[in-house]
Amino acid sequence: MFETIVALATPPLKSALAIIRLSGADCFKVVSKIFTKELKTENNKEVLFGYIVDDKKQIDQVVVLKYVSPHSFTGENSVEIISHGSPLIANQIIQLCLKNGARMATNGEFSSRAYLNGKIDLVQAESINDLINATTTEGRDLSMVSLTGETSKLFRPIKDRIADLLSQIEVNIDYPEYEDIEDVTKEQILKKCSEIINEIDQLIKDGEKTKIFKEGLKIAIVGKPNVGKSSLLNALIKDDKAIVTDIAGTTRDVVEGDFSLNGVPCHLFDTAGIRDSKDTIEKIGIEKSQKAIKDADLVLFVVDETGFDVDLYSLVKDKNHIVVTNKADLIKKHEKDSVYISAKNNDIEPLIKKIKEVFGIGELTVKPSFNNTRQLGLLKNISSSLKVTIRDAEANQPIDLISVSIMAAYNSALELLGESNKNDISGEIFKRFCVGK
Ligand SMILES: Nc1nc2c(ncn2[C@@H]2O[C@H](COP(=O)(O)OP(=O)(O)OP(=O)(O)O)[C@@H](O)[C@H]2O)c(=O)[nH]1
Ligand SMILES: [Mg+2]
């Protein structure tokens, strides 16, 4: 039984309507004290029209949606109060809820309850957060298939097979005296493990491919002053965001912009041209350029007709990078295999092609996949644990030693769907959610 929580589910800004959400055993009691109608558990879902009141004073005219447990998102009694969208009113209603027995929800606490009450598994819960944060339709589509439970469904049979193998082995260890229980042979273990590893490795491959559609790419544009870095940012985001002039040292601070590459959200950092400078402001800008290089998934090292600076290149050569020759319109001889563009003329197709090539970005086929760092990490754990099982079995190790790595694989499988130590593993995840979700 959980305490009653309250939170604003919409942004704290002036808008037409605001939604205040409550969940928990006592939430009908709390709302009944501040609403002109009583919320009873008898009738199932209800839409009620009335007034929020503080004692006798009317605060707002609202619509109240009532969900009776277990027919709600959290699985508990829940209420949504739809008020007028003034932050002042929304705040007053929340204060009234708090005064009458609710407490403020923490980030992601509604989703966390849905998970703890068995309404959704952990993969579905994560997809809710991904859905809220999606910035491209492809990212949204990927999150939607996970939200419906398709991704978890894909994995459950694999988890069951690991469990079967484990229980077969455990029976052999615990009841060696029962002759009617078949011994698991080394061949059976090897066959089953390699079948499961193949399937898991395929899931990892599919997940790695789709991961960037959800997580996006950080791309830094770096080079000498005046080579056309800001012009390139503008051409990529199709907007005149960064200032472009023929004066070297125009960009002082990092300018950021976004664009989508076949649905992969790309976040660009246009940086100050790097050179020896005595100017204090420019020096700070150059330090920021160096930080942008460090944080980037990809660095576009821009050069122009004035040539290639070897010292500068040493800053990026160990990073994932593409050397981009800009101002191609001024250069007669184009070397083979180099990327030539003209940012000023919006002639940047060769670069787009190259970035797609570097990250293997093609058309996205939306299908269920495990594609965040946590999920992929656990799949990799399962695969490597089962590889240990194979190694131990091949070395004819005793069966109880072999079972250790299968147990490790099984625990990772449980953790993937959030079926083990619910409170321990989920805390980290729900912290990342918005309050009110
Ligand atoms: N001919 C030609 N000129 C270009 C091209 N791209 C940019 N330029 C010119 O190069 C000059 C510098 O461009 P910017 O985009 O400001 O260069 P930057 O690298 O951001 O320079 P800093 O911010 O000073 O480091 C401007 O006059 C642009 O019009 C191009 O493809 N061809
Ligand atoms: Mg610039």
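1. **A helix to start with.** Helix α7 covers residues 186-215 in this predicted model. Try a quick check on it: how far apart should its ends be? At 1.5 Å a residue, the 30 residues of α7 should span 44 Å, and the end C-alpha atoms are 42 Å apart, so the two values agree. The expected span is 1.5 Å times one less than the number of residues, in case you wish to repeat the sum.

2. **A bend in that helix.** Where is the kink in α7 centred? Look at Lys209: the kink of about 30° is centred there. Just past the helix comes Gly216, and its phi is positive, near 75°.

3. **Which parts of α7 are covered.** Several residues of α7 are buried, among them Ile189, Cys193, Ile196 and Ile200. Further along the helix, Leu203, Ile204, Thr210, Ile212, Phe213 and Lys214 are buried too. Do notice that this list includes a lysine, Lys214, as well as Thr210.

4. **What follows the helix: a parallel set of strands.** Strand β7 takes up residues 217-223, and 5 bridges join β7 to β10 in a parallel arrangement. One of the pairs to find is Ala220 with its bridge partner Val299 in β10. On to β11 (residues 321-325): β10 pairs with β11 over 5 bridges, again in the parallel sense. Here Val299 stands opposite His321. Val299 is therefore a handy place to centre your view, with Ala220 as one bridge partner and His321 as another.

5. **Is β10 enclosed or open?** Count the buried residues in strand β10 (residues 298-303). Of its 6 residues, 5 are buried, so the strand is largely enclosed by the rest of the structure.

6. **An open sheet.** Elsewhere, 6 strands form an open sheet, and the order to trace is β3-β4-β5-β2-β1-β6. The pairing in this sheet is mixed. Which strands sit at the edges? They are β3 (46-54) and β6 (103-104), each of which pairs on one side only. As a reminder, strands of a sheet pair through backbone hydrogen bonds, either parallel or antiparallel.

7. **One edge, seen in detail.** Strand β3 is joined to β4 (residues 57-67) by 9 bridges, and these two strands run antiparallel. To line them up on screen, find Val47, which stands opposite Leu65 in β4.

8. **A cis peptide bond.** After β4 there is something worth a careful look: the peptide bond from Ser69 to Pro70 is cis, with omega near 5°. Pro70 lies in the loop between β4 and β5 (78-84).

9. **Three helices, two crossings.** Two packed helices are described by the angle between their axes and the distance between the axes. For α3 (residues 109-116) and α4, the axes come within 9 Å and cross at roughly 160°. That makes α3 roughly antiparallel to α4, since angles over 145 degrees count that way. The crossing of α3 past α4 is right-handed. Next, α4 (residues 122-133) and α5 (residues 137-147) have axes that come within 8 Å and cross at roughly 155°. So α4 is roughly antiparallel to α5 as well. This time the crossing is left-handed.

10. **A hairpin and its turn.** Strands β8 and β9 pair in the antiparallel sense over 7 bridges. They form a hairpin with 2 residues between them. Near the turn, Ser260 stands opposite Pro265 in β9. What is unusual about the phi of Asn262? Its phi is positive, about 50°, although Asn262 is not a glycine. With 14 C-beta neighbours inside 10 Å, Asn262 counts as partly exposed.

11. **Another positive phi.** Lys238 also has a positive phi, of about 55°, although it is not a glycine. Its place is in the loop between α8 (229-237) and β8 (255-261). Is Lys238 buried or exposed? With 10 other C-beta atoms within 10 Å, Lys238 is exposed.

12. **A distance to try.** Gln290 is found in helix α9 (residues 280-295). This residue counts as partly exposed, with 14 C-beta neighbours inside 10 Å. Now pick Asp160 as well: Gln290 and Asp160 are 130 residues apart along the chain, and their C-alpha atoms are separated by 49 Å.

Key:
Residues are numbered from 1 along each chain as its sequence is written. Chains are lettered from A and ligands numbered from 1 in the order in which they are written. This is a predicted model: local features need pLDDT of at least 70, side-chain atom pairs count only at pLDDT 80 or more; totals for chains, interfaces and linings use all residues. Two strands pair if DSSP finds at least two bridges between them. Helices (H or I, at least four residues) and strands (E, at least two) are DSSP runs, numbered from the N terminus. The bend at a residue is the angle between axes fitted to the seven residues ending there and the seven starting there. A residue is buried if 20 or more other C-beta atoms lie within 10 Å of its own, exposed if 12 or fewer, and partly exposed in between; C-beta atoms are placed from the backbone. Axes are lines fitted to C-alpha atoms, for helices over the stretch in contact, and angles run from 0 to 180 degrees between N-to-C directions. Angles under 35 degrees count as roughly parallel, over 145 as roughly antiparallel, 65 to 115 as roughly perpendicular and the rest as oblique. A crossing is left-handed if the near helix is turned anticlockwise from the far one by less than a right angle, and right-handed if clockwise.
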